[in-house]
Amino acid sequence: MKLKNLELEATALMSEVIFGHGFAHYGYFPDGVPEVLSAEAMGRAQQAYFEKLVQVIPDGVTSILDVGSGTGANARALIARGFDVTCVSPSVQMNEMARAKLPTGTGVHDALFEAFESDARFDICLFAESFHYIDLEAALAQVNRYATRGMVMFDYFRRPGFAHGDGTRGTHQAFLEAVAAQGAFRIVSDEDMTDAITPTFVIHESIKNDKVAPFITRFRAEIGREYPWRAWLMEKMLGRALDKLNRRTDRAEKFAREHEYRLVVLERV
Ligand SMILES: C[S@@+](CC[C@H](N)C(=O)[O-])C[C@H]1O[C@@H](n2cnc3c(N)ncnc32)[C@H](O)[C@@H]1O
């Protein structure tokens, strides 16, 4: 399993264990960095992200294909609001978590969206922080095939100079050009949300550097005093990884420099 997948599952697990949600997306902070940099603030912001997403779902939509559905947290909340939701995602582990929390009969498909095959059709395809994983052209072709009305995407693009060259994680401009070239959809709304998302990383960094790292430092010193041989072994195996906890990465600035996070709604022409 790739480290990035493990990171994702850890995020979802924390949301599940602490808040009972299981969201694997970032937080949405319309009022900027909160006063208290806590896991609780993060949980509230992940819920706010979901609320923001729901706000832009066009009136009259009833059926949704939730693409990259994570642990099913968005799907569960959407179903609770009366939507008919089907999930498609390649992570077998997260899909198991989704099946456990979703009503019996909810479709959860173990598949990459680009390889997804079904006779079903949906009002919209929904991408909550999942669009960037998928090849742009393949994703739009599948949306054209499966969505009768359009799509909603809340996700990031890479800024010019930081785009990946493999069709995934491209620029906003490349997305606009691909939508125009395809000609199947028009853009209803397209908002830049980067400033409201970056506090996510301020909280991550604060929890890591200001809370977890000092605790781990004290823990290592204590083990060293009481169990020198075990401490030696632990340092040999984990010392360098644990040292990294003390390093500041200015991830919020870096994220905003390299990415733009957008909320986009497309409608069939
Ligand atoms: C950051 S998580 C977001 C999960 C969920 N949408 C949420 O908001 O909590 C990204 C999700 O996209 C899924 N994913 C990755 N590549 C994908 C692909 N090619 N097709 C469909 N989903 C994909 C991952 O397995 C994961 O479930």
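A polar contact is a pair of N or O atoms within 3.5 Å, and this cut-off is a useful starting point for reading the predicted model shown above. In Gly68, a backbone N or O atom lies 2.7 Å from a nitrogen atom of the ligand, so the pair falls under the definition of a polar contact. Two side chains also approach the ligand through oxygen atoms of the ligand: a polar side-chain atom of His25 is 2.7 Å from one such oxygen atom, while an N or O atom in the side chain of Asn74 is 2.8 Å from an oxygen atom of the ligand. On its own the ligand has 600 Å² of accessible area, and the protein covers 95% of that area.

The surroundings of the ligand can now be described as a whole. They comprise 20 residues, of which Ala24, His25, Gly68, Asn74 and Ala128 are the closest, and by class this shell holds 10 nonpolar, 8 polar and 2 charged residues.

From the ligand we turn to the interior of the protein. In soluble globular proteins, nonpolar side chains tend to be buried together. Here the largest nonpolar core has 36 residues, and those with the most contacts inside it are Ile64, Leu78, Phe154 and Ile197. Several helices and strands each supply at least two residues of this core, including α2 (39-55), β4 (122-128), β5 (147-158) and β7 (259-268). Phe154 is a helpful residue to follow, for when its neighbours within four places in sequence are left aside, Phe154 is in contact with residues that include Tyr28, Leu53, Ala128, Ile197 and Leu263. A second core, separate from this one, has 27 residues, among them Ala139, Met153, Ala184 and Phe185.

Key:
Residues are numbered from 1 along each chain as its sequence is written. This is a predicted model: local features need pLDDT of at least 70, side-chain atom pairs count only at pLDDT 80 or more; totals for chains, interfaces and linings use all residues. Side-chain values use heavy atoms; hydrogens and water are left out. A residue is near a molecule or strand if one of its heavy atoms lies within 4 Å of it. A polar contact is a pair of N or O atoms within 3.5 Å; within protein, one must be able to donate a hydrogen and the other to accept it, and residues adjacent in sequence count only if both atoms are side-chain atoms. Accessible areas come from the Shrake-Rupley method with a 1.4 Å probe; for residues, only the protein chains shown count as cover. Ala, Val, Leu, Ile, Met, Phe, Trp, Tyr, Cys and Pro count as nonpolar, Asp, Glu, Lys and Arg as charged, and the others, Gly among them, as polar. A nonpolar core is a set of buried Ala, Val, Leu, Ile, Met, Phe, Trp, Tyr and Cys residues joined through side-chain atoms within 4.5 Å. Buried means under 20% relative accessible area, exposed over 50%, partly exposed in between (1.4 Å probe, protein chains only). Helices (H or I, at least four residues) and strands (E, at least two) are DSSP runs, numbered from the N terminus. Contact means heavy atoms within 4.5 Å.
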